[in-house]
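Hi,

Here is the structure I promised to pass on. Have a look first, and then read my notes underneath.

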Amino acid sequence: MGPVLNGLIQLQSVENRLRAGKAKLTRCRRNVVIQENQIRSLQNALEAKKEEVQLTKVQSDRLELELKSRDETIARLRASLNSAKTNKEYAAVLTQLNTTKADNSKIETQILELLRDIEADEAECKDIQKQIDEQKQQLERNRPEAGALADKYQAEINEIQVEWNQVAQTIPEKPLEVFKRVTETYDGQAVTVIDQQDDKKGTFSCGGCFMGITAESVNLLMTKDDIIRCPNCTRILVLGNQG
Ligand SMILES: [Zn+2]
């Protein structure tokens, strides 16, 4: 190995730090976005609940109105009960009166149930609103902190990027292109060390995919400064410290 391969090893180490820094920045920003989404979904839930309450109120108002008109019917029936002239007429009005009364008590029960629903839903609305307020407060507390942290991470990234550019400048164009391509393929891992199995001398494998590497490739790496890629995963092979 020579300056090119050693340069690639150095570039890989800077690349690792650069990617770690970018990942930290992404996580830091994502936390705020997740919290914003949570608040939005709570707000949607609150709107839906409020609409439900509204609909239930309309329904119970309608039943109240119906009950009122039925109460008037009952008053009218009572009057005609008193003025009934025959037993038969009396009995007929009495049946009608009892039926109306029974219907009324059914409607009253329905109204009570609806009022209970409204009460429960309104309590739920209050609860959701409380959660929204709490989450918003938390977000407002976190936002400046997350912003400052993001700025810090960005500054670190910028610094590492300068370092990356400096190291990249020392590497010839072709190996650098290979490095960039393989880096994209393996999410940052372009350069990998050849492992030597302790128990079997002369048995080597790619540190990235663990496929066997020929002793010839290892010899080439020891004597030359050319890129040798794993025939299986195409990563750039280098020798470790004990190489
Ligand atoms: Zn490999």
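Some vocabulary before the strands: two strands pair if DSSP finds at least two bridges between them, and helices (H or I, at least four residues) and strands (E, at least two) are DSSP runs, numbered from the N terminus. This is a predicted model, where local features need pLDDT of at least 70, side-chain atom pairs count only at pLDDT 80 or more, and totals for chains, interfaces and linings use all residues. Residues are numbered from 1 along each chain as its sequence is written.

Now the sheet. It is open, with four strands in the order β3-β2-β1-β4 and mixed pairing. β3 (212–213) and β4 sit at the edges with a single partner strand each, so one side of each has no neighbour in the sheet.

Going through the pairs:
- β1 (residues 191–196) runs parallel to β4 (residues 236–239) over four bridges, and Thr 192 is opposite Leu 237 in β4.
- β1 is antiparallel to β2 (residues 204–206), with three bridges; Gln 196 has Phe 204 in β2 as its bridge partner.
- β2 and β3 are antiparallel too, joined by two bridges, and Ser 205 is partnered with Gly 212 in β3.

Then the helices. The axes of α1 (residues 3–82) and α2 (residues 87–169) come within 5 Å and cross at roughly 165° (axes are lines fitted to C-alpha atoms, for helices over the stretch in contact, and angles run from 0 to 180 degrees between N-to-C directions). The two are therefore roughly antiparallel, a label for angles over 145 degrees.

Cheers

Technical notes:
Angles under 35 degrees count as roughly parallel, over 145 as roughly antiparallel, 65 to 115 as roughly perpendicular and the rest as oblique.
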